[in-house]
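Visitor: I'm new to this structure and would love a close look at a single part of it. Could you take your time and then show me how that part sits among the rest?

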Amino acid sequence: MRPLTLAVTIAALLAQVVLSSPCRGNSSGIPKPLEFKKLENLYRANILASLGTDGCTRNTMRIRRSWDNIDDATRSDYVRAVKCLAAKPATVDKSIAPGAVNRLDDFTWIHDNQTNRIHISGSFHSWHRIFVWQMEDALRDECGYNGTIPYWDQARFSQDPLKSKVFDNSSFGGDGEYLPNDHGPYNITIPGLAVNLSVTRPAGTGGGCVKDGPFANFQISLGPTDREFVDPTNKFGYNPNPRCLKRNFDYPSSRDFMTWENAIKIVGAPDFITFYWNLENLWHVKSHQFLGKDGLDLFTSPNDPIFYLLHSQIDRLWAIWQGQNLEERTFTIAGNRTFFGAPLDTAPNVPPSNAMIEDVMDLGWGYTPKIKDGMPMTSGGRCYMYE
């Protein structure tokens, strides 16, 4: 055991080197609790101790940071790169998704197409980990961005979300225009299932077009699917629907749920089932619910560029949980193969079944990795860590 202990000790010291990098962004917010820091530090130590295989090294590792901890120039360049993808033509077959206009729509489309298989299911974490990595690669390879996809550090600003630079006028802007007759609550029917499943969206403080920042009146095309009744002629919102990006902030989702206390419950969970449902109920749903409107649409939520920061944070929380014991937790799985195990309308008689790590996922353009391929952070073509 001595060599392993020594390796982890050395890695812990190296992790502190990463931690010591200067905070060049927003220094405000609720301080990170010691208990969360301990869990985060152990994750980093174990990740660094595991390096040396599959080409992932400290020199090749990408570091993802909080949006509030990166400098103004990096934030500005990220926004530029997102808009660069929005200016490039879509590559998806227009006979499949006639409403896809640009490269951002390519990503929204495959998420839309796979939603009933990749939410409340065993593939949720793995699929989205690969999906965020694909977007990060697109920003870098197609638009010259040199950084990573930062994460939205909700707990730090849970009691006053607008203090985060995520929502300032140089980043993603704030709420949508307040619409007295269109800010909720809403009753929504989930399309694509063989059963009738409805959910309620809460009332928010906006409902209309984003009013400020670089994404004010930002044009999107796919969706929405968040409707009271399913449109059988366009149930997944693939047809063209040019409109502005909308938000409808729900502050209780932030103040009451996305707190440091709940973050500790999530990453400190003793088993995967507890972790999964804590993350889903206390964080994932509430993150989308805070954004409202386009960012809350189950199928086309990638229409809101904040989606990728949101899911970088979801991936970070999973990474920290995995990192408490990489040997036992990297390939842990639970869940069905479809949304809550419900049958799809294309296969109404198929009974629920448990997802397995050998199951194949669809991430578009012929890329069909297995669930297990999206579980590690430092192999399978990925090499990154959260700071």
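In which helix is glutamate 136 found?

Guide: Glutamate 136 is found in helix α5, which covers residues 124-143. Before we go on, keep in mind that this is a predicted model.

So, buried or exposed? Glutamate 136 has a relative accessible area of 0%. Buried means under 20%, so glutamate 136 counts as buried. Now look at what it touches. Setting aside neighbours within four places in sequence, glutamate 136 is in contact with Arg62, Arg64, Gly147, Thr148 and Ile149.

Let's walk on to serine 66, which sits in the loop between β1 (62-64) and α3 (72-86). Serine 66 is buried as well, with a relative accessible area of 1%. Not counting residues up to four places away in sequence, it touches Pro150, Tyr151, Asp153, Arg156 and Glu387. If you pick out serine 76 too, you'll find it 10 residues from serine 66 in sequence and 14 Å from it in space, going C-alpha to C-alpha.

Now step back for the whole chain. Its secondary structure comes to 10 helices and 8 strands. The radius of gyration is 20 Å, close to the 21 Å that the globule rule gives for 387 residues, so the chain is as compact as a globular protein of that length. Along its principal axes, the C-alpha trace spans about 65 × 50 × 40 Å.

Buried residues like our glutamate have company: 54% of the 387 residues count as buried. Take the contacts in the chain with a separation of 6 or more, and 76% of them come from residues 24 or more positions apart. On the outside, the accessible surface comes to about 15900 Å², and carbon and sulfur atoms account for 55% of that. As for charge, there are 39 positive and 42 negative side chains, and the centres of the two sets lie 4 Å apart.

For covered helices, have a look at α9, residues 306-323. This helix has 18 residues and reaches 25 Å from its first C-alpha to its last, close to the 26 Å expected at 1.5 Å a residue. Helix α9 is mostly covered, with 18 of its 18 residues buried. Helix α7, residues 260-267, is mostly covered too, with 6 of its 8 residues buried. The buried ones in α7 are Trp260, Asn262, Ala263, Ile264, Ile266 and Val267. And what covers them? The cover includes α2 (34-49), α8 (272-291) and α9.

For a contrast with our buried glutamate, try asparagine 187, in strand β3 (residues 186-189). At 48% relative accessibility, asparagine 187 counts as partly exposed. Leaving out residues up to four places away in sequence, asparagine 187 touches Val199, Thr200, Arg227 and Glu228. One of those partners, Arg227, is 40 residues away along the chain, yet the two C-alpha atoms are separated by 7.4 Å.

Finally, a few backbone oddities. Most residues other than glycine have a negative phi, and most peptide bonds are trans. Against that background, glycine 184 and proline 185 are joined by a cis peptide bond, with omega about 5°. You'll find proline 185 in the loop between β2 (176-178) and β3. Another cis peptide bond runs from glycine 223 to proline 224, where omega is near -5°. Proline 224 lies in the loop between β6 (219-220) and β7 (243-244).

The phi angles have their own surprises. Lysine 293 isn't a glycine, but its phi is positive, at about 50°. This lysine lies in the loop between α8 and α9, and at 22% relative accessibility it counts as partly exposed. Tryptophan 365 isn't a glycine either, and it has a positive phi of about 55°. Its place is the loop between α10 (326-329) and β8 (384-386), and with 48% relative accessibility tryptophan 365 counts as partly exposed.

To return to where we began: glutamate 136 is in helix α5, buried at 0% relative accessible area, with Arg62 and Arg64 among its contacts.

Key: Residues are numbered from 1 along each chain as its sequence is written. This is a predicted model: local features need pLDDT of at least 70, side-chain atom pairs count only at pLDDT 80 or more; totals for chains, interfaces and linings use all residues. Side-chain values use heavy atoms; hydrogens and water are left out. Helices (H or I, at least four residues) and strands (E, at least two) are DSSP runs, numbered from the N terminus. The radius of gyration is taken over C-alpha atoms; the globule rule is 2.2 Å times the number of residues to the power 0.38. Buried means under 20% relative accessible area, exposed over 50%, partly exposed in between (1.4 Å probe, protein chains only). Contact means heavy atoms within 4.5 Å. Accessible areas come from the Shrake-Rupley method with a 1.4 Å probe; for residues, only the protein chains shown count as cover. Lys and Arg count as positive and Asp and Glu as negative; His and the chain ends are not counted. The place of a charge is taken as NZ of Lys, CZ of Arg, CG of Asp or CD of Glu. The expected span of a helix is 1.5 Å times one less than its number of residues.
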